[in-house]
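Hi everyone, thanks for coming. I'd like to walk you through one structure today, so please pull it up and follow along with me.

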Amino acid sequence: MKVHGKNYRAVWMEGGHVVVIDQRLLPHKFKLLHLRNHRETAEAIRNMTIRGAGTIGATAAYGMAQAFLEDSSAEYIAKAYNTLVTTRPTAVDLKHALDRVLVTSGTARAAVAEAKRIADEYVTRMQQLAAVGLPLFKRGTRVLTHCNAGWLAIVDWGSATAPIYLAHRKKRNVFVWVDETRPRCQGAHLTSWELLQERVPHKVIADNAAGFYMRRGEVDLCIVGADRIAANGDVANKIGTYEKAVLAKENSIPFYVAAPSSTIDLHCPTGDKIPIEERDEKEVLFLAGKRITAPGARAGNPAFDVTPARYLTGIITERGIFKPSQMRKAGHG
Ligand code: MRU
């Protein structure tokens with residue numbers, strides 16, 4: 001997608017370097033970072049220089065390719081795999097991508113090729129997903145989204161945003177409600193910035209305001225991304241997704257999850273088995289570097305929640321729109 005009129009992806013490889021957009025600095029500064037080895041790449045995933053399930057997967061795949069370039073001995077590769085796979089626990093695309101590079105790579109060259117294939121597949125799959133989701137948009141549809149499930153989060157196009165961008169390009173007059181998404185504010189910092197680059201009309205709203213607009217009849221549709229979809233259709237996504245889904249049901253608004261089929265984890269029977277990342281309490285206690293709570297206050301900071309399948313209208317993938325009960329059909333065997 002475009003930044004100042006030029007096409008970018010969220011991550012790519014140049015020589016032995018993994019190149020990423022430093023998402024911690026957006027929307028104030030657009031800066032590329034060159035990650036020189038798999039350890040730097042793992043750290044960039046851990047400290048959320050890059051984030052979002054698909055971009056985490058593609059970046060980890062490139063990191064694994066870097067490890068092969070550094071030293072392809074079995075011992076070194078096993079250690080590198082462990083360093084990368086433990087960076088973030090909830091997004092299953094991370095493990096999925098690492099396993100693919102590991103299985104297909106006898107040589108460093110094959111590892112680099114497989115990592116590139118994984119990143120390219122996200123792009124083609126999100127273009128396909130955009131077309132699958134497009135019919136949900138009539139003229140003037142007002143859609144609400146949570147967190148950043150945009151191109152920064154999945155290499156290009158985005159998952160939740162892919163049909164939005166396509167509907168916008170087809171001049172369907174879409175309007176987007178962007179949840180700010182505390183505590184890290186991915187909606188305010190990233191989704192709004194992305195939409196501005198593509199000139200998609202939108203407004204950022206405090207997370208607490210979603211119910212207000214739903215009840216007033218100003219939200220026609222909700223689309224969010226996913227970090228892991230269990231075999232029974234329960235979905236882990238950014239904290240706050242669950243309450244938006246409950247509110248949507250209460251207000252008879254269709255609630256869709258958009259994700260590539262690689263986010264469906266058929267080994268995970270239900271949402272209760274999805275590991276939920278607990279992050280540093282400072283993310284809640286501080287805002288934009290400033291303490292907002294009295295000294296001594298403590299905070300809980302789960303990064304994701306699970307939305308039970310019964311709240312979902314459908315799951316949009318590159319293969320079609322599925323009911324949550326159809327995950328065995330939608331996922332990879
Ligand atoms: O903690 P983050 O910023 O990595 O969380 C991102 C999300 O929850 C997205 O909605 C999700 O990864 C799907 S986007 C491909």
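I'll start with the strands, move on to the ligand, and finish with some unusual spots in the backbone. Please keep in mind that this is a predicted model.

Let's begin with strand E7, which covers residues 175-179. How many of its residues are buried? Five of five, so to speak the full count, and E7 is described as mostly covered. As a reminder, in a regular strand the side chains alternate between the two faces of the sheet. In E7, Phe175, Trp177 and Asp179 sit on one side, Val176 and Val178 sit on the other, and all of them are buried. Both faces of this strand are covered, then.

What flanks E7? Strand E6, residues 142-145, pairs with E7 in the parallel sense, over four bridges. If you want a landmark, look for Leu144, which stands opposite Trp177 in E7. To get from E6 to E7 the chain passes through helix H6, residues 161-169, and this β-α-β crossover is right-handed.

Now go to strand E8, residues 202-205. E7 and E8 also pair in the parallel sense, again over four bridges. Here Trp177 stands opposite Lys203 in E8. Helix H7, residues 186-197, joins in as well: E7, H7 and E8 make a right-handed β-α-β unit. Trp177 is a handy residue to keep on screen, with Leu144 opposite it in E6 and Lys203 opposite it in E8.

Let's turn to another strand, E12, residues 255-258. Phe255 and Val257 lie on one side of E12, Tyr256 and Ala258 on the other, and all four names are on the buried list. Which strands pair with E12? One is E9, residues 221-224, which runs parallel to E12 and is joined to it by three bridges. Cys222 stands opposite Phe255 there. Another is E17, residues 314-317, which pairs with E12 in the parallel sense over three bridges. In that pairing, Val257 has Ile315 of E17 as its bridge partner.

On to the ligand, which I suspect is what many of you came for. There are 18 residues around the ligand, and the closest are Arg51, Ala53, Arg88, Asn237 and Lys238. Let me take three of these in turn. Arg51 has a polar side-chain atom 2.8 Å from an oxygen atom of the ligand. With Ala53, a backbone N or O atom lies 2.8 Å from a ligand oxygen atom. With Asn237, a polar side-chain atom lies 2.6 Å from an oxygen atom of the ligand. On its own the ligand has 410 Å² of accessible area, and the protein covers 99% of that.

Let's stay with Asn237 for a moment. Where is Asn237 found? In strand E11, residues 235-238. Asn237 counts as buried because its relative accessibility is 6%, and the cut-off for buried is under 20%. The Asn237 side chain also makes a polar contact of 3.0 Å with the side chain of Thr241. Leaving out residues up to four places away in sequence, Asn237 touches Val224, Gly225, Ala226, Asp227, Phe304 and Asp305.

Finally, the backbone. There is a cis peptide bond from Leu26 to Pro27, with omega near 10°. Pro27 sits in the loop between strand E4 (17-21) and strand E5 (32-35). The peptide bond from Arg182 to Pro183 is cis too, with omega near 10°. Pro183 takes us back to where we started, as its loop lies between E7 and H7.

Next, positive phi values outside glycine. Lys171 has phi near 60°, and its place is the loop between H6 and E7. Is Lys171 buried or exposed? Exposed, because its relative accessible area is 63%. Ala288 has a positive phi of about 50°, and this residue lies in the loop between strand E14 (286-287) and strand E15 (290-291). Ala288 is exposed as well, with a relative accessible area of 83%.

That's my tour. Thanks for listening, and I'm happy to go back to any of these spots on screen.

Definitions and conventions:
Residues numbered from 1 in each chain as written. Predicted model: local features only at pLDDT ≥ 70, side-chain atom pairs only at ≥ 80, totals over all residues. Heavy atoms only, no water. Buried < 20%, exposed > 50% of the residue type's maximum accessible area, 1.4 Å probe, protein only. Helix = DSSP H or I, 4+ residues; strand = E, 2+ residues; numbered from the N terminus. Pairing = 2+ DSSP bridges. Right-handed = clockwise from strand over helix to strand, strands pointing away. Polar contact = N/O pair within 3.5 Å; in protein donor to acceptor, adjacent residues only side chain to side chain. Contact = heavy atoms within 4.5 Å. Near = heavy atom within 4 Å. Areas by Shrake-Rupley, 256 points an atom, 1.4 Å probe, with all protein chains shown as cover.
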